[in-house]
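Here are a few notes to read alongside the structure. Take your time with each point, and keep the 3D view open as you go.

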Amino acid sequence: MNPYEESQPKKEQIRRMFDGIAPRYDLLNRVLSFGIDRRWRRRLIRALAASEPQRVLDVATGTGDLAFAAAKSCPGAAVTGLDLSDGMLAVARKRAEGSPLAARIDFMQGEAEALPFGENTFDAVTAAFGVRNFHDIPAGLTQAARVLRPGGRFFVLEFSTPRSRVFGALYKWYFHRVLPVIGGMVSRDFKAYGYLPSSVDGFPAPEEFCRMLEAAGLRECGFKRLTNGVACLYTASKPQV
């Protein structure tokens, strides 16, 4: 599925969409999730820090939220934040100005499906709410596995669908009826925030996504449902051999 109804490839539509909403992206994340997205990212960061990585790649880094948190929680680690959108990266680089963490964070433009790094480069790869926007999810997962060193860890945060009937119905009403209106009004791009719930609906169920991680060459794949299943934290490892 694409954000805009036109023949332009999904990759270019995603780039255009995030370039347009970049200035208000962080504000909308906080407002539309009631700040819970920060709690979810902290769960990922705690798991990441426990693995004591020295080189971290944050794919679909956006404005750098996870990259900054990784650098702060993993002393001495070098963090690379990669994103398709130059607009999002401009915000991330602006945030880095004057930050004591800036010397350990490098932001660069690139595609998750064609990572510009050699094999076995990173101790950990992270992705927060970006995998569903890959124009080729299996290719993006395979690339993440390729650049991980043997024994390295892959951490993914993604939206999911609550299993509770009552909570799920309330969540679906908010996600499909309220969120697109507020997001569209603030960002001035109604199609971008109409795309969000559609992209979540089209994302694989947790069990299926774990099978996709395994198909990409990763092992020890598991997931933890967060906030009644609104989001999931996935973890996987690259085999030692």
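1. Let's begin with Phe190, which you will find in helix α7, the stretch covering residues 190-201. Please keep in mind as you look around that this is a predicted model.

2. Phe190 has company on the surface: together with Leu27, Val181, Ile182, Met185 and Val186, Phe190 forms a nonpolar patch. The accessible area of these residues adds up to about 540 Å². Which helix gives the largest share of the nonpolar patch? That is helix α6 (residues 165-187), with 4 residues.

3. Now turn to the second largest pocket, whose volume is about 190 Å³. Its lining includes several arginines, namely Arg30, Arg38, Arg41, Arg42 and Arg95. Asp65 and Ser73 also line this pocket, along with Ile45, Leu66 and Ala69. Try sorting the lining of the second largest pocket by class: you should arrive at 6 charged, 3 nonpolar and 1 polar residue. As for helices and strands, α2 (36-50) and α3 (65-73) each contribute at least two residues to this lining.

4. How many cavities of 30 Å³ or more does the structure hold? There are 2 of them, and the next points take each in turn.

5. The largest cavity has a volume of about 350 Å³. A total of 29 residues line the largest cavity, and the ones nearest its centre are Ala60, Thr61, Asp83, Gly130 and Asn133. If you would like a place to start in the viewer, try those five names.

6. Where does the lining of the largest cavity come from? Among the contributors of at least two residues each are α1 (10-32), β1 (55-59), α3 and β2 (78-83). Of these, α1 gives the most, with 6 residues. You have met α3 already, as a supplier of at least two residues to the lining of the second largest pocket. By class, the lining of the largest cavity is a mixture: 13 residues are nonpolar, 8 are polar and 8 are charged.

7. The second largest cavity holds about 40 Å³ of space. Val59, Val125, Leu115, Phe134 and Phe154 line this cavity, as do Ala112, Ala144 and Gly140. Which classes appear in the lining of the second largest cavity? The lining has 7 nonpolar residues and 1 polar residue, with no charged residues. It is worth setting that beside the lining of the second largest pocket, where 6 residues are charged.

Note on methods:
Residues are numbered from 1 along each chain as its sequence is written. This is a predicted model: local features need pLDDT of at least 70, side-chain atom pairs count only at pLDDT 80 or more; totals for chains, interfaces and linings use all residues. Side-chain values use heavy atoms; hydrogens and water are left out. Patches are made of residues with over 30% relative accessible area and no salt bridge: like charges are joined within 9 Å, nonpolar side chains (Val, Leu, Ile, Met, Phe, Trp, Tyr) within 5 Å. Accessible areas come from the Shrake-Rupley method with a 1.4 Å probe; for residues, only the protein chains shown count as cover. A salt bridge is a side-chain nitrogen of Lys or Arg within 4 Å of a carboxyl oxygen of Asp or Glu. On a 1 Å grid over the protein atoms alone, a cavity is a set of points where a 1.4 Å probe fits but cannot get out, and a pocket is an open set with protein on both sides within 12 Å along at least five of seven lines; lining residues have an atom within 4 Å of a point. Grid points are joined across faces, edges and corners, and a volume is the space filled by probe spheres set on the points. Ala, Val, Leu, Ile, Met, Phe, Trp, Tyr, Cys and Pro count as nonpolar, Asp, Glu, Lys and Arg as charged, and the others, Gly among them, as polar.
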